[in-house]
Amino acid sequence: MTRVLALLELLQTQPGLTGAQLADRLGTDVRTVRRYAARLRELGLPVESGRGRFGGYRLARGYRMPPLMLTNEEALVIVLGLLAGDRLGMSTTAPAGAGALAKIERVLPDPLRAPLAAMRDTLSFTTDTVLAQAPETGVLLTLAQACHSGHTVGLRYRDWHREHTEREVDPYGVVFHSGCWYLVGHDHLRDGLRTFRIDRIASATPGAATFTAPDGFDPVTHLTASLARTPAPWRVEVLIEGPFEDVARRLPRTIVTLTATSSGVLMRAQAARLDSVARLLASLEWPFTVHSPDQLRDALGDLAGRLMAAAERRPGDPPT
């Protein structure tokens with residue numbers, strides 16, 4: 001039975017191997033390989049073999065998933081992926097992730113089950129748990145398939161006013177960002193690029209029409225830029241005298257847009273609070289000049305005063 005299971009693992013990892021190749025890897029002969037394959041078929045596994053001397057063996061796409069044969073490292077990767085997906089809000093529906101983890105743990109051998117259970121119970125993340133609304137699995141899969149095949153999709157969408165509209169969209173890409181799933185594409189109703197929260201999509205229906213995405217279009221770049229342009233009370237413009245690549249690594253592109261100039265990097269943003277912008281700028285090591293608004297200079301002055309007071313405070317001084 002051990003060699004039968006070894007054959008199953010080879011069929012899963014290296015489909016198409018010939019009988020002679022399988023016999024060589026299993027340390028047996030071609031006739032025995034045929035017997036092992038017949039045994040797998042008796043167990044309900046759809047093993048196919050090609051005709052002729054050089055015909056290969058493979059698992060057909062059957063009506064059920066064959067048993068998974070995982071190494072210790074593969075099992076660890078899957079468990080970590082499930083735990084991280086749940087923590088980051090990437091799970092579609094909570095029971096699915098928990099159910100998958102429970103099934104994997106049930107079939108693990110005891111020497112591996114205990115360490116992975118310990119990993120599950122002791123693993124910590126510096127990122128806080130994201131409590132985002134998970135999208136429906138069927139909706140997410142429909143959108144991903146439509147993006148891949150280049151087919152238009154019909155959406156029933158609920159906006160932030162809780163109003164429902166029917167949309168026809170050319171889906172360019174699905175993006176997971178900061179605990180939310182987004183669809184980026186061309187909205188026929190508005191005749192332009194739009195970003196949709198996938199958890200607000202009540203239904204998604206594949207269409208027959210096809211489309212071609214613009215050359216070089218990057219859904220992530222479009223999403224982060226559109227989020228950075230979200231209306232806010234303050235429009236900020238600051239010139240940062242640093243290398244563009246280094247500045248870009250330090251500033252979140254979800255809240256700022258950056259443009260390289262001959263004098264440095266021009267940062268534009270829309271902000272709800274200028275004191276937050278002041279703290280962000282103070283964390284940079286490069287000189288900068290505030291173009292607008294003037295009130296940002298006041299916020300920077302207030303922050304500088306608090307930092308100076310903290311620098312001059314001595315142990316035992318009364319609180320200010």
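In helix 2, which spans residues 19-26, the buried residues are Gly19, Leu22, Ala23 and Leu26. These four residues cover an arc of only 100 degrees around the axis, which puts them on the same side of helix 2. A general property of helices helps in reading such a pattern: an α-helix has 3.6 residues a turn, so residues three or four places apart point the same way. The model shown here is a predicted one, and the buried residues of helix 2 pack in it against helix 1, helix 3 and strand 2 (57-59). Just after helix 2 comes Gly27, and this glycine takes a positive phi of about 70 degrees.

Two of the neighbours of helix 2 also pack against each other. Two packed helices are described by the angle between their axes and the distance between the axes. For helix 1 (residues 2-13) and helix 3 (residues 30-42), the angle is about 85 degrees and the axes are 10 Å apart. That angle makes helix 1 roughly perpendicular to helix 3, because angles of 65 to 115 degrees are counted in that class. On the side of helix 1, the contact is made by Arg3, Val4, Leu7, Leu8 and Leu11, which meet Val33, Tyr36, Ala37, Arg39 and Leu40 of helix 3. Sorted by kind, the residues of this contact comprise eight nonpolar and two charged ones, with no polar residue among them.

It helps to step back to the whole chain before going on. The protein chain has 320 residues, of which 32% count as buried, and its secondary structure comes to 11 helices and 11 strands. If one takes the contacts between residues at least 6 apart in sequence, 59% of them join residues at least 24 apart.

Further along the chain, four strands form an open sheet in the order 9-10-8-11, with antiparallel pairing. Strand 9 and strand 11 (288-292) are the edge strands of this sheet, since each of them pairs on one side only. Neighbouring strands are turned against each other by 20 degrees on average, if direction is ignored.

At one edge, strand 9 (residues 256-261) pairs with strand 10 (residues 264-271) in the antiparallel sense over six bridges. The two strands form a hairpin with two residues between them, and Thr261 stands opposite Gly264 of strand 10. At the other edge, strand 8 (residues 234-240) and strand 11 pair over four bridges, again in the antiparallel sense, and Val238 has Val290 in strand 11 as its bridge partner.

Helices lie against this sheet as well. Helix 10 (residues 274-282) lies across strand 8, strand 10 and strand 11, and it runs at about 15 degrees to strand 8. Helix 11 (residues 294-312) packs on the sheet too, where it touches strand 8 and strand 11, and its direction makes about 135 degrees with that of strand 11.

A last stop is a single residue, Thr152, which is found in strand 3 (residues 151-158). Is Thr152 buried or exposed? Its relative accessibility is 4%, and therefore Thr152 counts as buried, the cut-off for that class being under 20%. Leaving aside residues up to four places away in sequence, Thr152 touches Glu168, Val169, Asp170 and Pro171, and also Thr205, Pro206, Gly207, Ala209 and Phe211.

How values were computed:
Residues are numbered from 1 along each chain as its sequence is written. This is a predicted model: local features need pLDDT of at least 70, side-chain atom pairs count only at pLDDT 80 or more; totals for chains, interfaces and linings use all residues. Side-chain values use heavy atoms; hydrogens and water are left out. Axes are lines fitted to C-alpha atoms, for helices over the stretch in contact, and angles run from 0 to 180 degrees between N-to-C directions. Angles under 35 degrees count as roughly parallel, over 145 as roughly antiparallel, 65 to 115 as roughly perpendicular and the rest as oblique. Contact means heavy atoms within 4.5 Å. Ala, Val, Leu, Ile, Met, Phe, Trp, Tyr, Cys and Pro count as nonpolar, Asp, Glu, Lys and Arg as charged, and the others, Gly among them, as polar. Two strands pair if DSSP finds at least two bridges between them. Buried means under 20% relative accessible area, exposed over 50%, partly exposed in between (1.4 Å probe, protein chains only). The arc is that of the directions from the helix axis to the C-beta atoms.
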